[in-house]
Amino acid sequence: MFQTDFNRIMNRILSLLIAFFFLHIGVANAQDPGLANQYFTDGEFEKAASVYEQLLEKDQNSDYYFSRYIASLTELKEFDRCEKAIKKQLKKQPENNTL
């Protein structure tokens, strides 16, 4: 009897943890642009670059995200990553004059 009560309680706890995890991911994804901007403004360019890179994967045509991503990498002196990202973007958008 004790074992079945314990299993039931553990299943409920596990279900709550899983629900919390997925809720947290949804909230974090909704805040990505704001979070990236906050990191950038605060000078946390490694974190900003990481979030902007993820945002670019979702919206590859965003000039804003791309320029902020490049600016973050430049601040970090990650020039090889900058060059690689720019070349990749040029292949996707050869008509984009700003690149």
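This is a short walk through the fold, the helix packing, the core and the largest pocket of one protein chain.

Morning, everyone. Keep in mind that this is a predicted model. Let's start with the overall layout. The protein chain has 5 helices and 0 strands. Read along the sequence, that gives the pattern α-α-α-α-α. The chain has 99 residues, and 23% of them count as buried. Now contacts between residues at least 6 apart in sequence. Of those, 36% join residues at least 24 apart.

Next, helix 4. Helix 4 runs over residues 63–75, so to speak our main character, with 13 residues. From its first C-alpha to its last, helix 4 reaches 18 Å. That is close to the 18 Å expected at 1.5 Å a residue. Which residues of helix 4 are buried? Tyr65, Phe66, Tyr69, Ile70, Ser72 and Leu73. Seen down the axis of helix 4, these buried residues fall within an arc of 160°, so they line one face of the helix. A reminder here: an α-helix has 3.6 residues a turn, so residues three or four places apart point the same way. And what do the buried residues of helix 4 pack against? Helix 2 (32–41), helix 3 (45–58) and helix 5 (79–92).

Take helix 2. Its buried residues are Asp32, Ala36, Tyr39 and Phe40. They cover an arc of only 100° around the axis, which puts them on the same side of helix 2. After helix 2 comes Gly43, with a positive phi near 80°.

Helix 4 is also followed by a residue with positive phi, Lys77. Lys77 sits in the loop between helix 4 and helix 5. Its phi is about 60°, although Lys77 is not a glycine. Is Lys77 buried or exposed? Exposed is the label for anything over 50% relative accessible area. Lys77 is at 62% relative accessibility, so Lys77 counts as exposed.

Now the core. The largest nonpolar core has 17 residues. Tyr52, Leu55, Tyr69 and Ile70 touch the most other members. Helix 2, helix 3, helix 4 and helix 5 each supply at least two residues of this core. Helix 3 gives the most, with 7 residues. Look at Tyr52 in your viewer. Leaving out residues up to four places away in sequence, Tyr52 touches Ala36, Asn37 and Phe40. Tyr52 also touches Tyr64, Tyr65, Arg68, Tyr69 and Ser72. Ala36 and Phe40 are among the buried residues of helix 2. Tyr65, Tyr69 and Ser72 are among the buried residues of helix 4.

One more residue in helix 3: Glu46. Glu46 has a relative accessible area of 43%, so Glu46 is partly exposed. Glu46 and Leu73 are 27 residues apart in sequence. In space, their C-alpha atoms are 7.6 Å apart. Leaving out residues up to four places away in sequence, Glu46 touches Leu76 and Arg81.

Last, the largest pocket. Its volume is about 320 Å³. Which helix gives the most to its lining? Helix 5, with 6 residues. Helix 3, helix 4 and helix 5 each supply at least two lining residues. The lining includes Glu53, Leu56, Glu57 and Gln60. Phe66 and Tyr69 line the pocket as well. Those two are also among the buried residues of helix 4. The rest of the lining is Arg81, Lys84, Ala85, Lys88, Gln89 and Lys92.

If you keep one residue in mind, take Tyr69. Tyr69 is buried in helix 4, touches Tyr52 and lines the largest pocket. Thanks.

Conventions
Residues are numbered from 1 along each chain as its sequence is written. This is a predicted model: local features need pLDDT of at least 70, side-chain atom pairs count only at pLDDT 80 or more; totals for chains, interfaces and linings use all residues. Side-chain values use heavy atoms; hydrogens and water are left out. Helices (H or I, at least four residues) and strands (E, at least two) are DSSP runs, numbered from the N terminus. The expected span of a helix is 1.5 Å times one less than its number of residues. Buried means under 20% relative accessible area, exposed over 50%, partly exposed in between (1.4 Å probe, protein chains only). The arc is that of the directions from the helix axis to the C-beta atoms. Contact means heavy atoms within 4.5 Å. A nonpolar core is a set of buried Ala, Val, Leu, Ile, Met, Phe, Trp, Tyr and Cys residues joined through side-chain atoms within 4.5 Å. On a 1 Å grid over the protein atoms alone, a cavity is a set of points where a 1.4 Å probe fits but cannot get out, and a pocket is an open set with protein on both sides within 12 Å along at least five of seven lines; lining residues have an atom within 4 Å of a point. Grid points are joined across faces, edges and corners, and a volume is the space filled by probe spheres set on the points.
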